[in-house]
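Dear colleague,

I am handing over the structure we discussed, and the notes on its charged side chains follow below it. Please read them alongside the coordinates.

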Amino acid sequence: MAAGIHAQQILKRIRQHDEIVLTMHSNPDGDAIGSALGMAWFLQEQLHKRVCIYNESPFPKWLSFLAVPCAYYTDTADIPFADPLVITLDAGEVHRFGETFGAYLAGKKSICIDHHLGGGDFAAEYAWVDPSMAATGQMVAEIVYCHAEKTLENVAKSLYVALSCDTGNFTFGNTDSACIRCLARLVDTPIAVAPLRQALDNTWTEQKMRFWGTLMGMVRFAFDGQLASVGVPQGMYAEYGVTKEDLEGFVEHMRKVKTVRIALLMREEIKNNAPFVKVSMRSAGDDDVRGILARFGGGGHKNAAGAGIAGTLETVYAMLYPALADALRQ
């Protein structure tokens, strides 16, 4: 089905509701936040809906330059709407929206908009899942422009960030002609790209630079340099005066080594008083990191995927090692 038809169907359902809750996967990335903010600005200012955003994770500080048009809640109990339409963005499995979200969603009308493989079955009203889209932000743009030829500056800024973050600033293999046409339309709003790039790229602290310098020295290689991996102990954040947000983008940098086919970042956390590791993987070409992490309950794209796995950095690496070996020996 063409994107325009999906957009029309979603707009039809949105127009039937006055109160809308937007949510995205926990620990939201640039595409998730950009999509949610772009949709929130559109719904509130162009469709005149009452809107709020829910996410169990706090709003990422590295994206604080983006304007937020509505309330942002981290507890479902704080959401003030009695019977809203719930729109989920950038994930197709209920568990990815947080531990309490499934209970909140039960019995409510919902729409899923996502560009990852599979999922969306939980949506009671409509599911648009399209892995051919470069970013969920591109799908939101389709909806926005299905309503009107022009949109607002804050909508376009947010969706620009969504597209930029999920395409590696328009350098990844998912940057096709449809993505570029969407980009051009957003820039024509008009928006100024240079300040957005400044806000995205040039915000490091001295602490972050020293943190990354240490991490670079911690990267280890295996399989004749085809795998680059690093494990980040939780205590490093306090030691360097940084947060886990300061890891954003590091996994992509490991792929800059010429021989590396798969980059693996493991971030230590504590969950339910037990060790837990957040895993991020990146690859290129035919190396399917989503297929690897799907064995551990993860998901994402063929060349960019993540998972949460119970265990220590050492035990999780040992669990992943056989699957990585199978992939890299092909």
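In which helix do Asp-201 and Arg-197 both lie, and how many residues apart are they? Both belong to helix H7, which covers residues 193–201, and they sit 4 residues apart, about one turn of the helix. Please keep in mind that this is a predicted model. The side chains of Asp-201 and Arg-197 meet in a salt bridge, with an N to O distance of 2.8 Å. Asp-201 is partly exposed, at 39% relative accessible area, whereas Arg-197, at 16%, is buried because it falls under the 20% cut-off.

The structure holds 11 salt bridges, and another of them joins Lys-157 to Glu-153, whose closest N and O atoms are 3.3 Å apart. These two residues also share a helix, H5 (residues 153–166), where they are 4 residues apart, about one turn of the helix. Lys-157 is partly exposed, with a relative accessible area of 25%, and Glu-153 is likewise partly exposed, at 42%.

A further pair is formed by Glu-99 and Lys-271, with the closest N and O atoms 3.8 Å apart. This pair links distant parts of the chain, 172 residues apart, since Glu-99 lies in the loop between strand S4 (85–89) and helix H3 (101–105), while Lys-271 lies in strand S9 (residues 262–271). Glu-99 is exposed, with a relative accessible area of 61%, and Lys-271 is partly exposed, at 36%.

Finally, Lys-244, Arg-267 and Glu-269 are linked in a network of salt bridges.

With best regards

Technical notes:
Residues numbered from 1 in each chain as written. Predicted model: local features only at pLDDT ≥ 70, side-chain atom pairs only at ≥ 80, totals over all residues. Heavy atoms only, no water. Salt bridge = Lys/Arg side-chain N within 4 Å of Asp/Glu carboxyl O. Buried < 20%, exposed > 50% of the residue type's maximum accessible area, 1.4 Å probe, protein only.
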